[in-house]
Amino acid sequence: MPENTIASEKNAIDYDCTMEMDLQMSQDKKIVVSHDAYFNSDFCLNPEGDTMTKKDGLSRLIYNMPYDSVAKYDVGIKPYPAFPRQKKMHAIKPLLSVLIDSVEAYGKKLHHVNHYNIEIKSNPKSDGKTYSTLEEYIDLAMKIIIDKGIAPRTMMQSFDVRALKIIHEKYPKLKISFLVDASNKKTADKYISELGFKPDIFSPEFSLVTPGLVKAFHQQNILVIPWTPDTLEEIQRLKDMGVDGAITDYPDLY
């Protein structure tokens, strides 16, 4: 399904998966579900229904638009070369509040208890450019999560240790997942030292995972949920190493 849309999250429920999603902020300080802070020309169409160049898409920042302008872009009709199996359908980047209402109603209809994995997309270079301030961005997202009653079923994740520290300090009941990319290769103790506290979940790029790393985190009662193994072989290798789950684009393989 088109990524980070209501349709994709309902599909995750159909697969009995935790719903993974990413957050951005609009100009009017609405929290929008979107991986990118801009409109990726690989799969987004402009409000006129036309394709965009990569440069044009990159220039269209969500934070520079009120949400009613963001909602004019289609993100599901254009074929996405990276994901040839993806179904084509009209879709928009939804508000987090609207997405939660929709998937909670869908889950209730199916007698399914929904679980959420929500990523704060931030880094120092983005401060003041793709969101106002990091703390306000987090607080606005957390208000929705708490007000909608999903906080006990939500884990917050980020690559940005600043974001995770804010969540840990201000919202101590929330589960926290520490994302790391392939360039950040450390021992378990050094990852924990980098973060400054023990996360509930360690979520590395899947190529970083070794049996020793899994064992070291498990000895500290930290779950290991890598991203993004997308082949049966990759997923099976991780299962054999004892991981506790995986973030994947292909839940049918898991």
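Two packed helices are described by the angle between their axes and the distance between the axes. In the predicted model examined here, helix 7 (residues 188–195) and helix 8 (residues 211–218) offer a good case to start with: their axes lie 9 Å apart, and the two helices pack at an angle of about 55 degrees. Angles under 35 degrees count as roughly parallel and those from 65 to 115 as roughly perpendicular, so helix 7 is oblique to helix 8. On the side of helix 7, the contact is made by A188, Y191 and I192, while helix 8 contributes L213, A216 and F217. By class, this contact has six nonpolar residues, with no polar and no charged ones.

Just beyond this pair comes Q220, whose place is in the loop between helix 8 and strand 7 (223–224). Leaving aside residues up to four places away in sequence, Q220 touches D189, I192 and K198. I192 is thus met again, having appeared among the residues of helix 7 that make the contact with helix 8. Q220 can also be placed relative to E119, which is 101 residues apart from Q220 along the chain: the C-alpha atoms of these two residues are separated by 23 Å.

Charged side chains give another view of the fold. Side chains of opposite charge can pair when their charged atoms come close. A search of the whole structure finds twelve salt bridges. One of them joins the side chains of E136 and K29, with 3.2 Å from N to O. E136 belongs to helix 5 (residues 134–147), whereas K29 sits in the loop between strand 1 (19–25) and strand 2 (31–33), so this pair ties together parts that are 107 residues apart in sequence.

Attention can now turn to the empty spaces. When the whole structure is searched, one cavity of 30 Å³ or more is found. The largest cavity has a volume of about 40 Å³, and its lining consists of E3, N4, V33, S34, H35, F43, V75 and K93. Sorted by class, these lining residues are three nonpolar, three polar and two charged.

Among the pockets, the second largest has a volume of about 270 Å³. This pocket is lined by 16 residues, of which Q24, K121, S122, N123 and S126 are the closest to its centre. Its lining has five nonpolar, seven polar and four charged residues.

Definitions and conventions
Residues numbered from 1 in each chain as written. Predicted model: local features only at pLDDT ≥ 70, side-chain atom pairs only at ≥ 80, totals over all residues. Heavy atoms only, no water. 1 Å grid on protein atoms, 1.4 Å probe; cavity = no way out; pocket = protein on both sides within 12 Å on 5 of 7 lines; lining within 4 Å. Points joined across faces, edges and corners; volume = space filled by probe spheres on them. Nonpolar A, V, L, I, M, F, W, Y, C, P; charged D, E, K, R; others polar. Axes fitted to C-alpha atoms, helices over the stretch in contact; angles between N-to-C directions. Helix = DSSP H or I, 4+ residues; strand = E, 2+ residues; numbered from the N terminus. Parallel < 35°, antiparallel > 145°, perpendicular 65-115°, else oblique. Contact = heavy atoms within 4.5 Å. Salt bridge = Lys/Arg side-chain N within 4 Å of Asp/Glu carboxyl O.
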